[in-house]
Amino acid sequence: MLLVSTNYAPEHAGIGPYATQIAEHWADLGHETHVLAGMPHYPAWSLEPEYKGAFRRTEQRAGVTVHRRAHTVPPRQTAVKRALFEGSILLHGAVAPPRMPKPDAVLAQMPSLAGGVLAARLAARWKVPYVPVVQDLMGAAAAQSGISGGDKAAAIAGRAEAYALKRATLVGVIHETFVDRVVGMGVDPDKIRLVPNWSHVPVPTKPRGETRHHLGWAPGETVVLHSGNMGLKQGLEVLVGAARLDPSVRFVLMGDGSQRSALSDLAADVPNLDIIPPAADGEFPDILAAADVLAVTQHAAVLDMSVPSKLTSYFQTGRPVVASVAAEGGTAQEVERSGAGVLVPPEDPEALLKAVRALAEDPEGADALGAAGPRHVAAHLSREAGLARIDALIDEALGGPRP
């Protein structure tokens, strides 16, 4: 098997953990598994120190052969810099494909446009099934996320996406809101399969009070935590605005991303907002569980291009979610489907703060809301179920029965 994914371990946010768990799952089953990946850089958009200066590298990780190729890493996102990033991935992967035996199938994790194109070309060269899994829609993302030069970028990205998707044997999408756009790119609806992501983090193990004491959060203090990428589409300014409205509520942004510096400048005079680095994998679920409210935010324009991977982790921890997102988007649908959170209008600090206060004033109700998350994970988002859906997708592409 060959998996093409720009993001891979040791990256611990975004789609990297999903790519890693798929490849390691295949290796555990006894399949010879190869991954064509980039150099670790996400979500900080800065190369991991041990990979600085590396041009090409082949390494063994948990039974998987990982072929890494260097590429540009833009610390700030503009349309031109993103195009150079994708172009460097495509060029290096094309001139130096992985040296490996002919695989039985090629799976690509998109939103990497270059990764999708590379996977399609490699599969065509080998004459084997090619299956992309759409995690984000880059054309829609460029149009909806506010990136500089987004209109032109959206047109170019849309053409690259269409190229990669129309050549697929089957197309997996992580949410049903992606289907119409994928069909609009010329993909036969009969080739599209729903393969939702799963919760890739373990359940919390430490008492909440112990973790809160370690983090310096007072017992009676209301803590709102956002974890994950700090990019344009998240619209995290709404949390800074909410923090300004009520100094008694602590807001914590945990993670990294292209907007971290700008958010730090914006919140320089807001003492009740903390920006902290990503948690270590072993501490991550306990820190999420220690918060009173978990926040997911998106710009109002973000509708059908992305469903944050953080939601599967949020649901696992048993804390209520406040989603500041467009009501008609896929993120809102997932929160409503889980029963573990409440929706508020996007880009509205007052509405977000009102929802947080309501949960703080009703701790029993907040606990009941949060408890729906683990139940939803157990019923629909387990790792075993998610990996089984990926296996069924590959089996069908190889000529097996349709699930």
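Pro10 sits in the loop between strand S1 and helix H1 (16–28), where helices (H or I, at least four residues) and strands (E, at least two) are DSSP runs numbered from the N terminus. The peptide bond leading into Pro10 from Ala9 is cis, with omega near 15°. This is a predicted model, in which local features need pLDDT of at least 70 and side-chain atom pairs count only at pLDDT 80 or more, while totals for chains, interfaces and linings use all residues. Residues are numbered from 1 along each chain as its sequence is written, and side-chain values use heavy atoms, with hydrogens and water left out.

**Backbone features worth a look**

A second cis peptide bond runs from Tyr42 to Pro43, with omega near 10°. Pro43 belongs to the loop between S2 and S3, and Trp45 is also found in the loop between S2 and S3. Is Trp45 buried or exposed? Its relative accessibility is 8%, so Trp45 counts as buried; the cut-offs are under 20% relative accessible area for buried, over 50% for exposed, and partly exposed in between (1.4 Å probe, protein chains only). Glu347, in the loop between S14 and helix H13 (349–361), is partly exposed, with a relative accessible area of 47%. The table gathers the residues with a positive phi.

| Residue | Phi | Place |
|---|---|---|
| Trp45 | about 55° | loop between S2 and S3 |
| Gly318 | near 80° | follows H11 |
| Glu347 | near 60° | loop between S14 and H13 |

Trp45 and Glu347 take these positive values although Trp45 is not a glycine and Glu347 is a residue other than glycine.

**The sheet of 8 strands**

An open sheet of 8 strands has mixed pairing and the order S3-S4-S2-S1-S5-S6-S7-S8; two strands pair if DSSP finds at least two bridges between them. Strand S3 (56–61) and strand S8 (192–194) are the edges, each pairing on one side only. From one strand to the next the twist averages 20°. Within this sheet, S1 (residues 2–4) and S5 (residues 106–110) run parallel and are joined by 3 bridges. Leu2 has Val106 in S5 as its bridge partner.

Two helices lie across these strands. H3 crosses S1, strand S2 (34–37), S5 and strand S6 (130–134), at about 170° to S5. Helix H15 (residues 383–397) lies across S5, S6, strand S7 (171–173) and S8, at about 150° to S6. For such angles, axes are lines fitted to C-alpha atoms, for helices over the stretch in contact, and the values run from 0 to 180 degrees between N-to-C directions.

**The sheet of 6 strands**

The other open sheet described here has 6 strands in the order S11-S10-S9-S12-S13-S14, with parallel pairing. Its edge strands are S11 (273–276) and S14 (341–344), and each pairs on one side only. The twist averages 25° from one strand to the next. S9 (residues 222–229) and S10 (residues 249–256) run parallel, joined by 8 bridges, and Val223 stands opposite Arg250 in S10. Helix H12 (residues 330–338) packs on the sheet, touching strand S12 (293–297), strand S13 (321–324) and S14, and its direction makes about 145° with that of S14.

**Cores and packing**

In soluble globular proteins, nonpolar side chains tend to be buried together. Here, the largest nonpolar core has 89 residues, and Tyr8, Leu107 and Tyr130 have the most contacts inside it. Such a core is a set of buried Ala, Val, Leu, Ile, Met, Phe, Trp, Tyr and Cys residues joined through side-chain atoms within 4.5 Å. Helix H3 (residues 113–126) supplies its largest share, 8 residues. Apart from this core lies another, of 27 residues, including Leu239, Val240, Phe251 and Leu359.

Leu359 also appears where two helices meet. Leu359, Ala360 and Glu361 in H13 contact Pro363, Ala366 and Leu369 in H14, contact meaning heavy atoms within 4.5 Å. The axes of H13 and H14 (residues 363–380) come within 5 Å and cross at roughly 105°. That makes H13 roughly perpendicular to H14, a label for angles of 65 to 115 degrees (under 35 is roughly parallel, over 145 roughly antiparallel, and the rest oblique).

Finally, helix H11 (residues 310–317) has 8 of its 8 residues buried, so H11 is largely enclosed by the rest of the structure. Among these buried residues are Lys310, Tyr314 and Phe315.
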